[in-house]
Amino acid sequence: DIIMATTTFSGPIKAGTISNTTGTTVGTNVKNVGQVLMSQSFSFAYSTEGSATDTTVVIPANSQIVSIEVNVETAFNDSGNDLLEVGSSADTDLYINDVSIAAIGKIALGTAALCANWKDIGTSDIKVGYIYNGANNDASAGAATVTINYLQNNNLS
């Protein structure tokens, strides 16, 4: 068996060879440092239908959300619409609002109004929450994983 080590950094993590621009020659003295893309995920199932739920995902202050992906492994089967919201514990539709999760597959997300909330999450850490709304609260199947990709402390406010 191979055991993988885990390393924790306090971030943000940046990579590149030139930290500051001191001239005009690319590759010699023009900054090429960028931030490492971070991600956190949570999974949920149909049994949480109708209840706002906190996750263990916490996005650090001043982070920029780059993308949010929903991967539906088992289609949700409420007899009405199956809709997902993802946001903060206090505002569950801050980042995703009413996206259908009734079919298996990956759902890429982003709307103009919601992406404005992705630019900079603000000056406090955000504990992510979600709600799965089935129109009739009668689902008997459904499982999905949500992954939030972000740049830590990008501070685009």
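## Strand β9 and its surroundings

Strands β6 and β9 run antiparallel and are joined by seven bridges. In this pairing, Gly 87 sits across from Gly 129 of β9. This is a predicted model.

Strand β9 also pairs with β4. That pairing is antiparallel too, with four bridges. Here Thr 53 faces Tyr 130 of β9.

How many of the nine residues of β9 are buried? Seven are, so the strand is largely enclosed by the rest of the structure. In a regular strand, side chains alternate between the two faces of the sheet.

**Overall build**

The protein contains 10 strands and one helix. Read from the N terminus, the order is β-β-β-β-β-β-β-β-α-β-β. The C-alpha atoms fill a box of roughly 65 × 45 × 25 Å along the principal axes.

Of the 157 residues, 36% count as buried. About 8700 Å² of the protein is exposed, and carbon and sulfur atoms supply 49% of that area. Consider next the contacts in the protein with a separation of 6 or more: residues 24 or more positions apart account for 75% of them.

Charge is next. The protein has 14 negative side chains and 5 positive ones. The centres of these two sets lie 20 Å apart.

**The nonpolar core**

The largest nonpolar core has 30 residues. Which residues have the most contacts inside it? They are Phe 44, Ile 68, Val 70, Leu 84, Ile 101, Val 146 and Ile 148. Several elements give two or more residues to this core. Among them are β3 (37–45), β4 (53–59), β5 (64–74) and β6 (82–88). The list also includes β7 (96–100), α1 (112–118), β9 (126–134) and β10 (143–151). Strand β9 thus appears among the core contributors, as do β4 and β6, and β9 pairs with β4 and with β6.

**Three residues to look at**

Gln 152, Asn 153 and Asp 98 are set out below.

| Residue | Place | Relative accessibility | State |
|---|---|---|---|
| Gln 152 | segment after β10 | 15% | buried |
| Asn 153 | segment after β10 | 36% | partly exposed |
| Asp 98 | strand β7 | 39% | partly exposed |

Start with Gln 152. Is this residue buried or exposed? Gln 152 counts as buried, because its relative accessibility is 15% and the cut-off for buried is under 20%. Pro 60 is 92 residues away along the chain, yet its C-alpha atom is separated from that of Gln 152 by 6.5 Å.

Which residues does Gln 152 contact, leaving aside its neighbours within four places in sequence? The set is Ser 10, Gly 11, Pro 12, Gln 35, Met 38, Pro 60 and Ser 63. Pro 60 therefore appears in the contact set of Gln 152, within the 4.5 Å heavy-atom cut-off.

Asn 153 lies in the segment after β10. Its phi is near 55 degrees, a positive value in a residue other than glycine. At 36% relative accessibility, Asn 153 is partly exposed.

Asp 98 sits in strand β7. What is its phi? The value for Asp 98 is near 55 degrees, again positive in a residue other than glycine. With a relative accessible area of 39%, Asp 98 is partly exposed. The strand that holds Asp 98, β7, is among the elements that give two or more residues to the largest nonpolar core.

Notes
Residues numbered from 1 in each chain as written. Predicted model: local features only at pLDDT ≥ 70, side-chain atom pairs only at ≥ 80, totals over all residues. Heavy atoms only, no water. Core = buried A, V, L, I, M, F, W, Y, C linked by side-chain atoms within 4.5 Å. Buried < 20%, exposed > 50% of the residue type's maximum accessible area, 1.4 Å probe, protein only. Pairing = 2+ DSSP bridges. Areas by Shrake-Rupley, 256 points an atom, 1.4 Å probe, with all protein chains shown as cover. Lys, Arg positive; Asp, Glu negative; His and termini not counted. Charge placed at Lys NZ, Arg CZ, Asp CG, Glu CD.
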